[in-house]
Amino acid sequence: MPSLPDFRPKQLSLGPLEFEILNLIWDLGTATVKQVHDQILANPDRELAYTSVTTVLNRLTKKGWLACDKQNRSFVWRPLVSREQANSLWAYDQLQQFLAVGNPDTVAAFADHLDQASVEQIEAIADKIRAARKAREEQ
């Protein structure tokens, strides 16, 4: 079972354009401003200034999602967290917010309205948690 990454971005929340550009970086692996800008403009219905892409890349760097390396005479951005790790972090954050409600009656009422597929999924998750705990105890 994959665990949460040791490294976590400083800020998990992303705006729509930040999320779109982060997805492009994940798809490309590494990218320059020009490469990201060209990807966005590949859609004929889109317009976005080159400087806006630079601003968003810098913002993602400050939030801890990307790192910027100088290669020759250009800057190249790379992700610090994989897409899978990000999904784990977002899911963990959502779960923590849900559990922060703190009222067992609220959580129980929510669980009472789940369909059978959701109940089976929760039971499968509980089985994985038990297996992971057992494996840790055996180490």
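This passage walks through helix packing, salt bridges and a few individual residues in a predicted model.

Helix α1 is a good place to start. It spans residues 16-28, and Asn23 is one of its residues. The axes of α1 and α3, the latter covering residues 50-62, come within 10 Å of each other and cross at roughly 85°. With that angle, α1 sits roughly perpendicular to α3. On the α1 side, the contact is made by Leu17, Glu18, Ile21, Leu22 and Ile25. Helix α3 brings Val53, Val56, Leu57, Arg59 and Leu60. Sorted by class, this contact between α1 and α3 has 8 nonpolar residues, 2 charged ones and no polar ones.

Charged residues of these two helices turn up again among the salt bridges. Glu18, Arg59 and Lys63 are linked in a salt-bridge network. Within it, the side chains of Lys63 and Glu18 meet at 2.8 Å, N to O. Lys63 lies in the loop between α3 and β1 (66-71) while Glu18 belongs to helix α1, so this pair ties together parts of the chain that are 45 residues apart in sequence. How accessible are the two partners, buried or exposed? Glu18 counts as buried because its relative accessibility is 4%, under the 20% cut-off. Lys63, at 11% relative accessibility, counts as buried too.

The whole structure holds 7 salt bridges. As general background, side chains of opposite charge can pair when their charged atoms come close. Another of the bridges joins the side chains of Glu20 and Arg46, at 2.6 Å from N to O. This pair also links distant parts of the chain, with Glu20 in helix α1 and Arg46 in the loop between α2 (33-41) and α3, 26 residues apart. Here the partners are partly exposed: the relative accessible area is 27% for Glu20, and Arg46 comes in at 26%.

A local pairing is found in helix α6. There, the side chains of Asp127 and Arg130 form a salt bridge of 2.5 Å, N to O. Helix α6 runs over residues 116-138, and the two residues are separated by about one helical turn because they are 3 residues apart in that helix. Asp127 is partly exposed, with a relative accessible area of 45%.

Back in α1, Asn23 has a partner of its own. Its side chain makes a polar contact with the side chain of Arg83, at 3.1 Å. With a relative accessible area of 18%, Asn23 is buried, since the cut-off for that label is under 20%.

What about the stretch around α2? Thr32 is placed in the loop between α1 and α2. At 17% relative accessibility, Thr32 counts as buried. Leaving aside residues up to four places away in sequence, Thr32 touches Ser74, Phe75 and Val76. Val76 comes up again with Gln35, a residue of helix α2. The C-alpha atoms of Gln35 and Val76 are separated by 9.6 Å, with their positions 41 residues apart along the chain. Gln35 itself counts as partly exposed, at 40% relative accessibility.

Technical notes. Residues numbered from 1 in each chain as written. Predicted model: local features only at pLDDT ≥ 70, side-chain atom pairs only at ≥ 80, totals over all residues. Heavy atoms only, no water. Helix = DSSP H or I, 4+ residues; strand = E, 2+ residues; numbered from the N terminus. Buried < 20%, exposed > 50% of the residue type's maximum accessible area, 1.4 Å probe, protein only. Polar contact = N/O pair within 3.5 Å; in protein donor to acceptor, adjacent residues only side chain to side chain. Axes fitted to C-alpha atoms, helices over the stretch in contact; angles between N-to-C directions. Parallel < 35°, antiparallel > 145°, perpendicular 65-115°, else oblique. Contact = heavy atoms within 4.5 Å. Nonpolar A, V, L, I, M, F, W, Y, C, P; charged D, E, K, R; others polar. Salt bridge = Lys/Arg side-chain N within 4 Å of Asp/Glu carboxyl O.
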